[in-house]
Structure formats: structure tokens, C-alpha cells
Amino acid sequence: MHLLQITDLGSADVCEIWNIAKTQPKTMTGTVAWSFQGHGIRTRTTFIQAFRDLGLAFTELPNLLKTNERTADLAGYLDDFYDLYVIRESDHERLTEFAASTRRPVINAMSSRGHPCEVLTDAYYVETKLRPIASAKVCLWGPPTNVFHSWHELADVLDFCVVHVRDRQFHQKKRNVRFTEALPTAIDIVITDNGPAAGDAPSRPLTEDALAHMGYPRLLPTPPFLIGRELSFDPLSYPNFVGYQQKNLLLPVQRAIVQYALGS
Ligand SMILES: NC(=O)NCCC[C@H](N)C(=O)O
């Protein structure tokens with residue numbers, strides 16, 4: 001199984017990954033190749049901890065896909081050494097091409113098109129700490145990004161609705177996504193995102209007044225967040241900021257994704 005985008009999963013796969021995340025880590029055998037373009041601070045921390053927890057050996061292959069080498073040759077030379085690839089690569093097409101070339105599962109640890117592991121973790125938080133995702137009122141706040149693209153896919157796969165507040169020029173027709181410029185009410189959780197994936201799209205910083213209008217929802221900014229860009233205030237001063245504790249869940253969910261990809 002590859003996990004390049006959320007739509008690689010069905011709803012039963014998502015439930016299974018979330019169920020595995022609730023269990024103690026298993027001891028497994030195998031070797032993981034990992035390659036993280038850029039800083040990848042949190043994702044690197046938790047994925048590597050996940051490999052350790054599972055007893056997996058792991059080798060870094062810096063900039064694995066940042067060469068002109070054919071993906072078929074990379075896979076041809078490497079596949080016998082590895083059981084799984086975990087790759088952060090902005091070029092989603094190149095990542096997809098590699099996944100089509102290798103005999104091993106590939107996990108997308110973030111590309112320009114999606115961030116499936118992050119969004120499976122965000123939604124796991126909603127499901128386990130707030131309320132079943134099907135009835136949760138989730139508000140996405142911000143321009144078109146990889147994280148939001150994965151949220152839209154998850155809403156499609158699990159068949160629940162999200163509201164997405166963004167500039168009118170970026171409204172689209174998507175199943176289970178309601179785009180708006182107006183402030184929604186009675187929201188359970190607001191998720192912000194930004195970063196290179198947003199390109200030049202204008203950023204409308206989320207304000208404390210907007211949160212009050214929405215009923216003081218939990219606030220989950222996707223790190224790294226910037227005050228003055230996606231947020232107009234320091235979220236540490238907001239009582240329902242859940243960012244730090246929520247990101248702890250990256251570890252069990254990424255561990256579960258690795259276990260699932262390796263067919264445990
Ligand atoms: N800790 C993370 O993995 N953060 C995700 C950053 C997402 C942001 N849209 C980016 O592309 O940089």
C-alpha cells in the first residue's frame with residue numbers, strides 16, 4: 001500500500017490506522033529508507049521515534065528524489081535493501097513516479113499536493129478527543145495548501161462535511177467542502193495552514209474576534225505558524241489552543257501508518 005494522498009485509503013483503512021494507533025507498538029523487522037526535504041522538524045522527530053518504537057532499522061537517503069536519475073533505476077538499485085520508503089518531497093509528480101517504480105510501499109511525509117500523515121493525525125485528534133468526525137464541526141482557515149487539500153480528500157473518503165474559510169477567488173466545487181468568506185458559527189475546531197504551498201495567495205489572519213464569533217473552538221494551527229500571517233495574535237494567550245498537545249499524536253498515528261503499510 002502506498003500512502004501518497006488520502007484518497008489512496010478507503011474509510012476502512014483510515015479506521016484501521018486509527019485503531020492501530022490506540023494499541024501498544026509491535027516489534028517488527030525490516031529497514032526503512034527515509035528522505036526528508038527541508039527541515040521537517042516535527043515529522044522527522046516523530047517518524048524516527050516511530051521506527052525506533054517498532055524496532056525497525058532505518059537509513060537516511062538525503063534528497064533521494066532530487067536528482068535526474070530515473071526513478072526505475074533508483075528503485076531497481078534500492079528495493080532489495082528496504083521494506084518501506086518514507087519521503088518528504090515537494091515534487092508530488094516525482095514522488096508518484098517513484099511510487100509507481102518501486103516494489104515497496106511509499107509514505108508521503110509531505111509534498112506540495114498533500115500531507116496525509118498530518119491530516120490523519122489532526123482528524124484522529126478530533127475523533128478521539130472531541131467527537132466523532134462525522135458530527136464534528138471542523139473549520140479550515142486559509143489559502144490553498146497541501147494540508148487543506150488532504151483535509152478535502154479526507155472529507156470525501158470519510159463522507160463528512162468541513163467548512164473552509166478562504167478568499168472567494170479560491171472557492172471550488174468539492175464534495176463535502178463548503179467554501180465561504182463569512183464567519184461560521186458553532187465550530188468545534190479551527191485548523192490554520194500556510195507556507196510555501198500557499199504560493200502568493202493572500203493570507204487573512206485569524207483574529208480572536210473571529211474565534212469568539214465561532215464559539216471559542218479549539219485552535220490547531222499547523223506548524224510552523226507565523227503571527228501576522230495566519231494568526232493575528234499569539235495563540236498561547238488563547239485558552240483553547242491545542243497545538244502542542246495535539247502534535248504529540250503524530251507519534252502513534254505515524255507509527256500506525258508504518259505498521260499498516262508494512263502489513264501488520
Ligand atoms: N510540521 C509539519 O509537517 N508542517 C506542515 C507544514 C505545511 C505547510 N503548508 C507547508 O507546506 O510547509
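**View 1. The residues of the shell around the ligand divide into five nonpolar, five polar and four charged.** This is a predicted model. In total, 14 residues surround the ligand. The closest of these are His115, Asn146, Asp193, Asn194 and Pro223. The ligand sits in the largest pocket.

**View 2. Both domain 1 and domain 2 contribute to the shell around the ligand.** At least three residues of the shell come from domain 1 (6-114 + 250-263), and at least three come from domain 2 (116-247). Two helices, α2 (41-53) and α6 (146-158), each provide at least two residues of this shell.

**View 3. Arg88, Asn146 and Asn194 place polar atoms beside the ligand.** For Arg88, a polar side-chain atom lies 3.1 Å from an oxygen atom of the ligand. In the side chain of Asn146, an N or O atom is 2.8 Å from a nitrogen atom of the ligand. Asn194 takes part through its backbone: one of its polar backbone atoms is 2.5 Å from a nitrogen atom of the ligand. On its own, the ligand has 340 Å² of accessible area, of which the protein covers 91%.

**View 4. A cis peptide bond links Pro223 to Pro224.** The omega angle of this bond is near 0°. Pro224 is found in the loop that lies between β9 (218-221) and α8 (243-247). Pro223 is also listed among the closest residues to the ligand.

**View 5. Asp159 has a positive phi although it is not a glycine.** The phi angle of Asp159 is about 55°. This residue lies in the loop between α6 and β6 (162-165).

Definitions and conventions: Residues are numbered from 1 along each chain as its sequence is written. This is a predicted model: local features need pLDDT of at least 70, side-chain atom pairs count only at pLDDT 80 or more; totals for chains, interfaces and linings use all residues. Side-chain values use heavy atoms; hydrogens and water are left out. A residue is near a molecule or strand if one of its heavy atoms lies within 4 Å of it. A polar contact is a pair of N or O atoms within 3.5 Å; within protein, one must be able to donate a hydrogen and the other to accept it, and residues adjacent in sequence count only if both atoms are side-chain atoms. Accessible areas come from the Shrake-Rupley method with a 1.4 Å probe; for residues, only the protein chains shown count as cover. On a 1 Å grid over the protein atoms alone, a cavity is a set of points where a 1.4 Å probe fits but cannot get out, and a pocket is an open set with protein on both sides within 12 Å along at least five of seven lines; lining residues have an atom within 4 Å of a point. A molecule sits in a cavity or pocket if more than half of its atoms lie within 2 Å of its grid points. Helices (H or I, at least four residues) and strands (E, at least two) are DSSP runs, numbered from the N terminus. Ala, Val, Leu, Ile, Met, Phe, Trp, Tyr, Cys and Pro count as nonpolar, Asp, Glu, Lys and Arg as charged, and the others, Gly among them, as polar. Domain bounds come from an automatic or database domain assignment.
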